[in-house]
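Student: Could you take me through one part of this structure up close? I'm new to it, so please explain the terms as you go.

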Protein chains: 2
Amino acid sequence: MRNEPEDILERNNLKKTATRIAVLDIFSKTKIPLDAKTVWSKLKKGKCAKGANEVTVYRTLSVFEEERILKRVDLRKDSVYFELKTEHHHHIVCTKCDTVEDFENLEIEKVLARIATKSSKFINIKDHSLELFGLCKTCN
Amino acid sequence: MRNEPEDILERNNLKKTATRIAVLDIFSKTKIPLDAKTVWSKLKKGKCAKGANEVTVYRTLSVFEEERILKRVDLRKDSVYFELKTEHHHHIVCTKCDTVEDFENLEIEKVLARIATKSSKFINIKDHSLELFGLCKTCN
DNA sequence: TTGAATGCAAATCGTTTGCATCTCA
DNA sequence: TGAGATGCAAACGATTTGCATTCAA
């Protein structure tokens, strides 16, 4: 399965527009969670024709989230961050600068699955967020 | 160590005002995360003199967060939720209704502590968030 | 008394919506 | 061609700020 922006859009029955392709490009190059403002400013700087509209960015992110191309990430910031939905992983976030480190851990997933079965009120757990917060070596 | 609203305020060198006491009361009775709007409406309904101002609620929550009396919780809602900073625990949140279930799990804390030591970019991890999202038995 | 806390109005910020126009398929 | 995508202006909701007033200590 190819993962070029065009392929992703094709696969999800989305029209291949310049903005959408550019947004996917940005996410795949950046590799860290981004919010609408950041994507928008990257679009403006980037070679994307015309520079795209801020509202279109919001709409694009929203569509990508619905199509599960992007995944929302909870970083305790004032705006909503997204990242490409690739392998399941979590983040360590520097509360001072914007450094983000990814990590994955099978053990945690197992424990969470077990917790899910123990819940008294929930029967259908679909997702979870797990992020660590602290100071990176530079900011510490 | 007593934990009446007055004691908490005293301990944190905060003036004991009617609104602050009422807000702490609400949090200790409710036991689930609350956002500013909810606290405000509870204040209005409650016996709190005058009913307090919405802005004051925001300021109160903010002060309590700074003083670490309250802890911010990320529930993927449109507003910011807080809860009393008591024992460390996590949440299972219904994405349809407002049901929230608490859970704690020592095993996870251990694994996270180990992950923290393995990080290449971070040296000082202070906190983490872990919330599960799904549908409760009623909404499922 | 006095600095901190509150109330009110207005500003700000992130995000959404209505509608006319444009563009991919 | 026609449904979906975009742009622009305006609306919106959550949160913050400036400033005058009130209140706990």
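Tutor: Let's look at the protein surface around DNA strand C. A quick note before that: this is a predicted model, where local features need pLDDT of at least 70 and side-chain atom pairs count only at pLDDT 80 or more, while totals for chains, interfaces and linings use all residues. Residues are numbered from 1 along each chain as its sequence is written, chains are lettered from A and ligands numbered from 1 in the order in which they are written, and side-chain values use heavy atoms, leaving out hydrogens and water.

So, who sits around the strand? DNA strand C is surrounded by 18 residues, and the closest are A:Tyr58, B:Thr17, B:Arg20, B:Thr56 and B:Arg59 (a residue is near a strand if one of its heavy atoms lies within 4 Å of it). Of the strand's atoms that come within 4 Å of the protein, 68% belong to sugar and phosphate.

The bases get some attention too. The side chain of B:Arg59 has an N or O atom 2.9 Å from a base nitrogen of DNA strand C. Over in chain A, the side chains of A:Lys15 and A:Arg59 each have an N or O atom 3.4 Å from a base oxygen.

As for the helices (DSSP runs of H or I, at least four residues, numbered from the N terminus), H4 (54-66) of chain A, plus H2 (18-30) and H4 (54-66) of chain B, each supply at least two residues of this surface. H4(A) gives the largest share, four residues.

By class, the surface has eight charged, five polar and five nonpolar residues; Lys and Arg count as charged, Thr as polar and Tyr as nonpolar.

Technical notes: A polar contact is a pair of N or O atoms within 3.5 Å; within protein, one must be able to donate a hydrogen and the other to accept it, and residues adjacent in sequence count only if both atoms are side-chain atoms.
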